[in-house]
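Work through the following exercises with the sequence and the structure side by side, and try each task before you read its solution.

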Amino acid sequence: MARTQRLKARLLREAVEDNVATMNGSLPKPLRRGRRFFGRWGSLATLGLFFLALAIALRPVPGNGATAAEPSLLVLHKRAPAPAPAAESFERPQRLSVAALDLGIERVVIDAGHGGSSLGTTGALGLHEKDVTLDIADRLSRKLAAQGLRVRMTRQGDDTLSLQDRSNIANDARGDLFLSIHVNSLPPQNRGIETYFLGPSQAPSADAVAAEENRDSGYSMADLRTLVDMIYTDARKEESRRFAASVQQSLLRDLRRQNPSLEDRGVKTAPFVVLAATRMPAILAEVSCLSNLEEAALLGDAQYRQSIADALFNGIDAYIHQGTPARHKETGKHGS
Amino acid sequence: MAANQASNVLTVGIDLGTSRSAISTSAGERVVVDSFVGWPADLVARKILKRDLLVGKEALDNRTMLDLRRPLERGLIKEGSEKDIEAVRELVSHLLSIVKKGKESAPIRAVLGVPAAALRTNKQFLRDSLKGLFDKLIIVSEPFAVAYGLDALLHSLIIDIGAGTTDFCSMKGRYPTDEDQRTLTVAGDSIDAHLQQLVGDRWPDADFTVFMVREWKEKWSFVGDAPKDPIVVTVPVRGVPTEIDITGEMKTACESMVPPIVETMYALLAEVSPEFQERVRKNIIVAGGGGLIRNLGPKLQCALEKVGGGVVKVVEDPTFAGSDGCLSIAKDAPEADWDKLGK
């Protein structure tokens, strides 16, 4: 009991200190990694700072030969606390109703994930993600083209493309929709389908998936600000969400006929670089899970890959026809 | 721990929520209101309502006549909107006016809970916005307040599921740092949005609002096995009141929050020192409105089996767990600590 009271008293003191620090505009406590780092290097850094201060203090001032000790030390030791960073103030942007613009959908860009030297994930049965995604993309593209849509594939063979290359291809083709096809790698007992659109991630697993797929993006740290801006302020978000929901729903509904235990891992947001740099509604579908033995076996079957392509087609078709039947510019050819 | 306040001081704990705000006081009062504030939209509305301001359920019920504000977003004031700042002040003033009856001149010391991921700039903005309403104010992370109120300060994991955010706090016997806490935006509001979408997809001609969806969720939310009786609601379909069965949609919408919660729970558990992980797994506490989702506790407990098993408890009174925790902090804070906070 007394131990609990002591603990409570200490936590209360820390809570109040945190409030006082907030009011004074101090920085929050560093994360553990930072503390470890400073723990290890802190004493050395302090020593270094001391000698630096000494060197500055004893530096002769040109002209009068006197030292500039006082002002220099003042700079180092009597630095006034930084003012609290001003709360960013902005007008919240109003959501744009894309339906009001009555935009048509004519060109679809299909991106087969990975390729060339980027194998993607490899299943227990030796199947590579890059081969599975290309096969499905090819089947889907043919089906879309047969329905009168103009299709552009980011790769048609075993080519190595950066994520930047892929989004450039999509933008240059003036695609109306962008679908990136991937196959997941999860802990072996997990399986299922998930579809992503661009946004900050909502769960650690989404970060992990995004980090995996963002490898070899072609972007560098210099592009960080631009990418982060795109992730947070993207006006295509609502359309991408609806597109993702339509594809996810269709994949689940159609594939569960052959694979009843398929898990619905949901529609999620994550900061995928390939989605950030494209200019049209864009999604990334993890259509299966190569790390799961049963799904790996299914992916080895051409019929199942065709079913995935069909389900993706149905998802795209449903999205195009949501609400506004006239969205497909060549309505005469498009019937399903 | 002894209370150190002067006898005329009113000590309060406030859980300022996106959807509901609760207050608990040292005088034993507990009040909860919907976090809505509305001003009559025009002269006619003012004449009908005979009021300049409505708060809580009253505001919600008369929303068609009001400039209605839900001033908190993800548990924080919507910065940049003067009207929302004013609305938060009115909301807090309203809560205080209810509990201050007969003690109007009493100085108020308050502890206010905010989401775990609130930045210092957010807290300072909130403090500035509420200036003048309290004599002294301490702002703490909401799940920490819950842990404090339940004496679960060591080897526990708090999951506080609100409307705007789901906050996690791994209690390690210290004031939680950023690394001990997580905030997900998957919470009550995201269930509402998902449910609205699913019902709209299935019955495109049905006419319903997010307020109706929220009521359905509050009455019938569940995960896991469906209830014995189907969830049937009445909505106008092309103007004709029609009964629709939303059991499947309710299950899908509510269960959509389970995977991210489980993943975050695993992530925080993995960061606990190995020798204490089992103790933490056996001491997971769910608070907030999300605790009222049927079967959520057992569902999360079931997920723990993958990592060695554990125990998930749902607090008995999720509505007031946050404000009661804040009140405990306020009552325990010694005079010297209040003094450090200035006026």
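**Exercise 1.** Decide whether Val32(B) is buried, partly exposed or exposed.

*Solution.* Begin with the rule: a residue is buried if 20 or more other C-beta atoms, placed from the backbone, lie within 10 Å of its own, exposed if 12 or fewer do, and partly exposed in between. Val32(B) has 17 other C-beta atoms within 10 Å, and therefore Val32(B) is partly exposed.

The model is predicted, so local features need pLDDT of at least 70 and side-chain atom pairs count only at pLDDT 80 or more, while totals for chains, interfaces and linings use all residues. Residues are numbered from 1 along each chain as its sequence is written, and chains are lettered from A and ligands numbered from 1 in the order in which they are written.

**Exercise 2.** Place Val32(B) in its strand and find its contacts beyond four places in sequence.

*Solution.* Val32(B) belongs to strand β3 (residues 30-34) of chain B, where a strand is a DSSP run of E with at least two residues, numbered from the N terminus. Two residues are in contact if their C-beta atoms lie within 7 Å; with neighbours within four places set aside, Val32(B) touches Arg20(B), Ala22(B) and Thr319(B) in this sense.

**Exercise 3.** Check the span of helix α4 (residues 129-146) of chain A.

*Solution.* The expected span is 1.5 Å times one less than the number of residues. For the 18 residues of α4(A) this gives 26 Å, and the end C-alpha atoms are 26 Å apart, so the two values agree. After α4(A) comes Gly148(A), with a positive phi near 95°.
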